[in-house]
Amino acid sequence: MIATEPAFVPAGSRRSGIPWGYAVMVAVGLAAPFLVYPVFAMNVLCLALFASAFNLLLGYSGLLSFGHAAFLGAAGYVTLETIRRWGLPVELAILVGTVVAALLGMLFGVLAIRRSGIYFAMITLGFAQVVYFLVLQMPWTGGEDGLQGVARGKLLGIVSLQGNLAMYYFVYAVFLAGFWIIHRTIHSPFGHVLRAIRENEPRAISLGYDVDRYKLLAFVISAALSGLAGSMKALVFQSATLTDVHWHRSGAVVLMTLLGGMGTPMGPSVGALLVTALENYLASYGSWVAVLTGCVFIICVLAFRRGIVGELGALVRRSF
Amino acid sequence: MPDDVVLETRKLTKEFHGFVAVNGVDLRIRRGAIHALIGPNGAGKTTVFNLLTRFLPATSGTVIYRGEDITQLRPAAVARRGLVRSFQISAVFPKLTVLENVRVALLRGLGTSFHFWRGQKSLGVLDGRALELLAAVDLDAYAHTITVELPYGRKRALELATTLALEPEVLLLDEPTAGMGREDVGLVVALIQKISAGRTILMVEHNLPVVADLCDTITVLARGSVLAEGNYAEVSRDPAVLEAYIGAEP
Ligand SMILES: Nc1ncnc2c1ncn2[C@@H]1O[C@H](COP(=O)(O)OP(=O)(O)OP(=O)(O)O)[C@@H](O)[C@H]1O
Ligand SMILES: [Mg+2]
């Protein structure tokens, strides 16, 4: 679906490169569970969707949120809890998780959107810390242990998701849908206004746009899709844990986005793959992981300022 | 004749931490006029623009536009009523193409600016009008250039085209010829003359020959207060004005 969508040629990809990137992405995604451990691939897809949703804010609206883990994590808890306690069907549980993240995003947004730059980042971080605290303290979230061992259930009541292959293709379909929504948003009239606001906010105001409302909508869409990613991730691991609401996660998504290339459609996904692979690969080094990822990050940012996909895009443009 | 006045300020005042940048300014801009606001650097001209368009809240005083008190509106709401400003430094969207710049302004009229599900092709209907506006400022050949690559004079022309896309009733131009070569100045003057038909223009301008050329009425601002008002001949003979401009060109 994405590989044949012609609308991506005009605006967005001009800055970021490579239409065939989409084709490669679709092909790799289809083959992935036969090439790598499926749970790893699913984890990458969920984080890739999360980073892409984050990129909608940072890359296309110019807003740096430092609290996005709240949406990812909270949605995961909500999805699993609605399955466990109320026996909600899995699709509905995912939807509820997503909606809760959107509402949370609305709340964060309304209170933070008038601030800009570092103040915006600080306020979102503050709210995310409140969410972390609530998750830790509330009776139903399992405290330090989180929610564990929740069954994945059956898709539409028919297809069992207990097997990793079935689950993988479900996650993959959701990822593509989320990615497509982001793509649509970037190339919509709304996305056009967002880009204008990022480029020159006072000018957008002087043209009659209430910029706060546009930023708020972007924030809510980003929060909702982050929630969708979080719901899927919790379902994949059949558990919701504090790591996904922790501020480390908010930091990791900034890292993924910058590493892959902010403001490029594919960059965050590439970044998510790299960071997750690195963490997995380095897991045996224990607490050195953070230091090593940090070093890789510094080297990459120094070497590729536009991120990996951004640099690739520039390379392709130069050679034509 | 009060209904002949489209924009009026009463005792408009702005203080920045005790420093009075605009001090009890009374302005009356007649409908259809090209009105100049001049004065030495730091006189408060840009601040007056910011107050008129609500980019800054006034400390006291009122702004009345088409008989309505707009002192408490949000800046975007002021723009939607047809009182549109330009900026002292060129205000474009640098990474968008020239055409896309104008489209941003036209897009609001479609009423789809919140539609995040709609395709970009839906904006194609704006291209005809956008190209027309670009042609009016001789930019149609650059429609697909990334704006940041335009020379400065052309960026200002693009800014005008974008502003005109809103069909503003009152145009506030902050130093439209600043930083331009002689040739570009001539073009902009001709352009302003052209667009002034059916509109009111209030402009800040340091280039006095341009002011003499274009403007019916001139208000001189110095240290936040109105020093003199009248046509060019009257104002340029005013001793208070000459004193305020000591060191500047006559
Ligand atoms: N946001 C602000 N905070 C504090 N002081 C300000 C602010 N904006 C303007 N001023 C001060 O108010 C005075 C008037 O500034 P303004 O920019 O309105 O002058 P101007 O007439 O437009 O000058 P120029 O011809 O240089 O553009 C200046 O002394 C300036 O330093
Ligand atoms: Mg000024």
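Asp210(A) turns out to be buried in this predicted model, with a relative accessible area of 11%. Its salt-bridge partner is Arg74(B), and the closest N and O atoms of the two sit 2.8 Å apart. Arg74(B) lies in the loop between β5 (68-69) and α2 (75-80) of chain B, whereas Asp210(A) belongs to the loop between α9 (201-206) and α10 (211-237) of chain A, so this pair joins two chains. On the chain B side, Arg74(B) is partly exposed, at 40% relative accessibility.

What about pairs within chain A? Glu81(A) and Arg85(A) make a salt bridge too, with an N to O distance of 2.8 Å. Both belong to helix α4 (residues 69-86) of chain A, and because they are four residues apart there, about one helical turn separates them. Their surroundings are quite a contrast: Glu81(A) counts as buried, at 8% relative accessibility, while Arg85(A) is exposed, with a relative accessible area of 54%. The 8% of Glu81(A) falls under the 20% limit for buried, and the 54% of Arg85(A) is over the 50% limit for exposed.

Another chain A pair brings together Glu311(A) and Arg306(A), whose side chains meet in a salt bridge at 3.7 Å, N to O. Here Arg306(A) is partly exposed, its relative accessible area being 44%.

Over in chain B, things get more connected: Arg129(B), Glu132(B), Glu167(B) and Arg199(B) are joined into one network by salt bridges that share partners. Over all chains, the count of salt bridges comes to 22. As for the general background, side chains of opposite charge can pair when their charged atoms come close.

Methods: Residues numbered from 1 in each chain as written. Chains lettered and ligands numbered in written order. Predicted model: local features only at pLDDT ≥ 70, side-chain atom pairs only at ≥ 80, totals over all residues. Heavy atoms only, no water. Salt bridge = Lys/Arg side-chain N within 4 Å of Asp/Glu carboxyl O. Buried < 20%, exposed > 50% of the residue type's maximum accessible area, 1.4 Å probe, protein only.
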